[in-house]
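Trainee: Before I rely on the terms used for this structure, I would like to hear the reasoning behind them.

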Amino acid sequence: MLEDMIEKARAYGADACEVYVQEGTTSTVKFEASRLKSVDSNQTHGIAVRVLVDERLGFGAASDLAKIRPLLQAAVESASHGEKTGMSFPSSVPTADGVRLEDEEVRKRPLEELAESAEGAIRKISEYDPAILASGSVGKGDLHIRIVNTAGFDSEYRKTVLSAWMAGQLVEGKNILFCHRESAGTTASLDFDALTARVIADFEISRLNVDIEGGPKTVIFTPRAASALFDVLKLGVNGRNVEKAISPLRDKMGEQILSEGMTLVEDGRLEEAVGSAPFDDEGTIVEKKTVVDHGVLKSFAIDLRTAPKLNLPPTGNGFRIYSFLNVQTYQTPPSPHSTNWLLLPGDRSYDEILADIGDGVVVDVMAGLFTGNLLSGDFSANLMLAYKISNGRIVGRIKNAMVSGNFYAIFRDNLVAVSRETERVTEGFTTNVFPYLCTREVMIST
Amino acid sequence: MRNRIRDLIGKYNQQCDYMEVRIEESTETSIRFSGRELETISTRAELGGCVRCLVNGSWGFASFNTLDDIERFAEMALAQARLLGQQKTVLAEVQPIEDDVALTLKKDPRGFPLDAKVSLMKGYNDLINGYSREITSSTVVYFDRYHKIGFANSEGTNIVQEKMDIAGVCSAICAEGDKTRAQRVVFGSNDDYSCAEGLEEKVREACQNAILQLRAPKVKAGRYTVIADPALTGVFIHEAFGHLSEGDNVYENKKMQELMTLGAVYGSEKLNVYDTGLQMGSRGYLKYDDEGVPTEKTYLIKAGKLVGRLHSRETAGTMHEKPTGNARALSYRFPPICRMRNTCVQAGDVSFEEMIEDIDLGVYAINTTGGETWHELFTFGAERGYMIRKGKIAEMVRDVTLSGNVFTTLKNIDAIGSDQTLHNGPGGCGKAAQMPLPVGEEGPHIRIRDVIIGGE
C-alpha cells in the first residue's frame, strides 16, 4: 500500500517521497459538577505525504484514503511553488529499544475501571469539602506511527498513554477558586489518588485571599510555572527561529544565556513520557542532549529542513505538532519542536528556600502567558494561583494581580536558588521535569 | 450517505433517549511564508464522522474516520452512554428541521487557482521584507477551508450545511540584538475572499509600527484608565464575559447560578452585549449549530443587566431556558459544547475625543494578541499601546497586557463609542481541547477605568 503510494509519487514527478501514517484510538471518561458525564472515544487514521521535486518540498495530508491520488498530485504541485531546500530524507533505520512506550496493562484496562478512577476522584474531593464541584477526565490511548521514505527508511513504533486531568471549583460569594492537576504517561503506573490529593492540597493553601502591594518581589516559580515559562526558551532554541534570525539566541551558541546554576537536558527518550519516541516525525533518531550547560547554550532544535540552512545536523526534533494543543498530528508538516526538558535540581529544599527568602510570592498557575512577546522573552501574565509568603510561610492566595518580566533577564541575572525537589509536568506532547526556581526583582502588579 | 445515516438512527434509536450522527467532509488549502521563503503549501482532505447517544442523562460519543465501520462506532457510543447513565435526560425541545444550506459567497476562494493565492501572499511578503533594513523577517499565512457537514438526529432533524472559512495574517518582524518585535495585519471572513486582498496599505503601517516598537519603552506596571480600540474591545468582551455566559459553566452549578441570575447587574446602563450566529462576514457565522438548532442573536447584557446565556440543548433544558444555537464542535472528532459565535459590544454614542479628553494618565491599547479566561479572572494582550497624557495621545509603549475581574471590570466601562467594527483574525477560541474554533468579535472604542497592566 505505502509502496504503491511511493511509486505513484515518482510517476507524478517526485524525486523523493516520504509517507507518514498515524493510527490511533483514545477513550476518555469525563466528569463535570461532581458526576460522571460522558464517555468519548476517537478513532483516527491519517496519512501525510511529503515529496521533493528538484529539492523543492511539497506537503499533503488526508484522512480519506480514497483521496490519496489527488493528495499526491497536490503535494507534487505544491512543491513546484517552493524554493530549493537542500534537504533529503534519512536512510538509517533506528531501533526502538531503550525506551518504554507500551504497556499492555493500559490497553487492557476496561472503561469501567477508568470510570471507577473518575468516581474515586469525585468522592475524595467531596469528602474533603462537599461544596467543591469536581470535574476532569481519565483517559487512555493507543498510537501507531510508521514512516516510509524513498531513501530506504521504514520503521514504526506503538505507544500507549494513560492520562488524567482532575479539578475542583469552589464558589464563595464572588470568589471563584479553581484548582487542577494533570498527569500522563505511557504505562499503567499513573496514581489517580495521588493526583486527586494534589488538587486537595492546592485547595488547602488557596482558600484565604490576602492582599499584596505591587512592586518588584522575590518570586518562587513552582515546577509547573517554571515549565510554562521555559516555553520562551523553546522558542529561542527553535532552529526555525534561529534560521530566520528572529531568535535572540541566534548568535549565542557557547555563550552564557542563563545563570550558572542552570543545566537543562533534553531527553526525548524519557521513561514513561508521552512524547518519547525512538525517532522523530521525519525518521531522525532521538537522543539525549544538553541544551544549556551551567547557563551556557549548547544546542538548538533542528529538523531536516533547517539542518542544511544552518549547516548543522538534524537533532531529532522534527515533530508534527498541532501547535494550539501541543499534540502530534499527521495534519501538520514537521517543524522543530523541543521534547522533554529536564532542568537539573539544586541542593536546597523548597522549605529551606521559602524560609530563607522571608517575604515574597509563589507563582503556580499563570494565564495569558502566550499574549506576550515571548520571542523576545517579555512576558506578562495574570496570576490564577499564586501565594503570598510572609516570614518564610505561605499565608494566602493573591489574586487580581499580574507577574511580568523578561525571561532571559530573570533567569540569567536574578536567579537565587534551584530546589532539590523536582516534579514531572505534562504539557500535551511534552513531559518536563522541573525544580522550584527562586528569583528576585520580579515585577508583581496589583 | 443521508439514507445510510437515517437507517443507522432507525436501527439504534429505540435503545437510547437521543441519538445524533454527524458526517463532515472538509478540504483546506494553506500557504505560509516565513522570511523570504515560501515555507509551506499544504492541502488537506478530511472525511470523518461521529455518533453521540444519550442514555439516562449520560453521553456516549464516538468519532471515527473509517466510515465503513460506522455501525460498530454507533454501538460503541451506545455502550459508552449506558456505562454511566443513572440520571434523567433533559434536552430542551426544538422543532425537527430538514434543510440544505448551500454556500452564498461574495467571492469564492475556490474560484482562484493556488498560483493566484500564492502570488497574492508573496506580494505582501515581499512588501514586508523589502520595506526597510530594520525589518528582518516576516510571517505571512493564508488558509481557506471548505466544510460540508451532514447532521441527523433521532427526532427527525436532517441538515446538510456547507461552510467556508477564510483567514490569515501578515506579520512584520524586526530583530535587533536581543529585541524582537512584530506587528500584524489579520484578516478573515466566512463568505468573501476579498478579505485577503488589498491589504498593502495596512501591511506598510504594520511595518512602520514594528520599527517604532523597537524603540518604544515597556509600559510601566500599574492601574490605568484604558481606551481599547474596536479590535481589542472584541477580544475583551469575548474573554471578560463571553466565556462566563456559556451555559455549561452554570447549568449544574448552584453557586454559579446564584452569581449569574438573570437580572443581575454587571455593567452600567450604557452596556449592551450580544452574541450572534447571524452576522454574515464573521468567521462566527452559522445557520445551525452542531445540534441542528437554528442560531440567533442572543443578548447577554441589556442596559447593564444579565439577560441571557449561550446554551446547548442540555444546558437550556436543565435551566428551563430557551436553546440559543451555541452548541458547537471544532470538527467531527469532538462533541458539541457551549461556544460563542460572533460576540459584540453594541455601539454607544461617545466620540473618541470625548472619551480621551478628561484622561490625565492612561493607555490607548490597540489590536490584540489574544486572551485567556479562568472563571472571573481574564487577561488580554494588546499589540501596541500609546500613553495618554493630559487628554492627548503621547508616546508609543510596548508589552501592554491587561487583566481584570468580571465582577468589577465590566462596571468600570464608562464610555462606549459609536464606531462598532467587526474583527476577524486567523486564530480562534479554545475550550476543552477544541481549538481554534472560528469566532468573530465586534465592538466600538470603549473606555475602562482601573485596569491592571503588567509591565516594568
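Mentor: What follows takes up those terms in turn, and please keep in mind that this is a predicted model.

Trainee: What makes Met5(A), Ile6(A) and Ala9(A) the buried residues of helix H1 of chain A?

Mentor: A residue is called buried if 20 or more other C-beta atoms lie within 10 Å of its own, and in H1(A), residues 2-11, the residues counted as buried are Met5(A), Ile6(A) and Ala9(A). These buried residues pack against S1 (16-32), S2, H2 and S4 (133-149) of chain A.

Trainee: Why are the buried residues of H1(A) said to line one face of the helix?

Mentor: Looking down the axis of H1(A), the buried residues fall within an arc of 100°, and therefore they line one face. In general, an α-helix has 3.6 residues a turn, so residues three or four places apart point the same way. The face of H1(A) turned away from the buried side carries Glu3(A), Asp4(A), Glu7(A) and Ala11(A), which are exposed. After H1(A) comes Gly13(A), with a positive phi near 115°.

Trainee: What makes S6(B) and S7(B) a pair of strands, and in which sense do they pair?

Mentor: Two strands pair if at least two bridges are found between them, and S6(B) and S7(B) have 11 bridges in the antiparallel sense, which makes them a pair. One of these bridges has Ala175(B) with Thr180(B) in S7(B) as its partner. The two strands form a hairpin with two residues between them, and Gly177(B) in the turn has a positive phi of about 60°.

Trainee: Why is S7(B) described as mostly covered?

Mentor: By the same cut-off of 20 or more other C-beta atoms within 10 Å, 10 of the 11 residues of S7(B) are buried, and the description rests on that count.

Trainee: Which parts of chain B are treated as domains, and how many residues of each are in contact with the other?

Mentor: Chain B is divided into domain 1 (2-215) and domain 2 (222-454), with C-alpha centres 22 Å apart. Contact requires C-beta atoms within 7 Å, and 37 residues of domain 1 of chain B are in contact with 28 residues of domain 2 of chain B. Among the elements that each supply at least two residues of the domain 1 side are S6 (158-176), S7 (179-189) and helix H4 (200-215) of chain B. That side has 17 nonpolar, 13 polar and seven charged residues.

Trainee: How many residues does each chain give to the contact between chain A and chain B?

Mentor: Chain A gives 65 residues and chain B gives 69 residues. On the side of chain A that touches chain B, the largest share, 10 residues, comes from S2(A), and that side divides into 29 nonpolar, 25 polar and 11 charged residues. S2(A) also pairs with S3(B) in the parallel sense over five bridges, and Ser38(A) has Trp59(B) as its bridge partner in S3(B).

Trainee: What makes S11 and S20 of chain B edge strands?

Mentor: The sheet is open, with six strands in the order S11-S10-S9-S14-S23-S20 of chain B and mixed pairing. S11 (305-306) and S20 (421-423) of chain B each have a single partner strand, so one side of each is left without a neighbour in the sheet. S20(B) is joined to S23(B), residues 440-443, by three bridges and the two run antiparallel, with Glu441(B) in S23(B) as the bridge partner of His423(B). Helix H5 of chain B, residues 230-242, packs on the sheet, and its direction makes about 110° with that of S23(B).

How values were computed: Residues are numbered from 1 along each chain as its sequence is written. Chains are lettered from A and ligands numbered from 1 in the order in which they are written. This is a predicted model: local features need pLDDT of at least 70, side-chain atom pairs count only at pLDDT 80 or more; totals for chains, interfaces and linings use all residues. Domain bounds come from an automatic or database domain assignment. Two residues are in contact if their C-beta atoms, placed from the backbone, lie within 7 Å. Helices (H or I, at least four residues) and strands (E, at least two) are DSSP runs, numbered from the N terminus. Ala, Val, Leu, Ile, Met, Phe, Trp, Tyr, Cys and Pro count as nonpolar, Asp, Glu, Lys and Arg as charged, and the others, Gly among them, as polar. A residue is buried if 20 or more other C-beta atoms lie within 10 Å of its own, exposed if 12 or fewer, and partly exposed in between; C-beta atoms are placed from the backbone. The arc is that of the directions from the helix axis to the C-beta atoms. Axes are lines fitted to C-alpha atoms, for helices over the stretch in contact, and angles run from 0 to 180 degrees between N-to-C directions.
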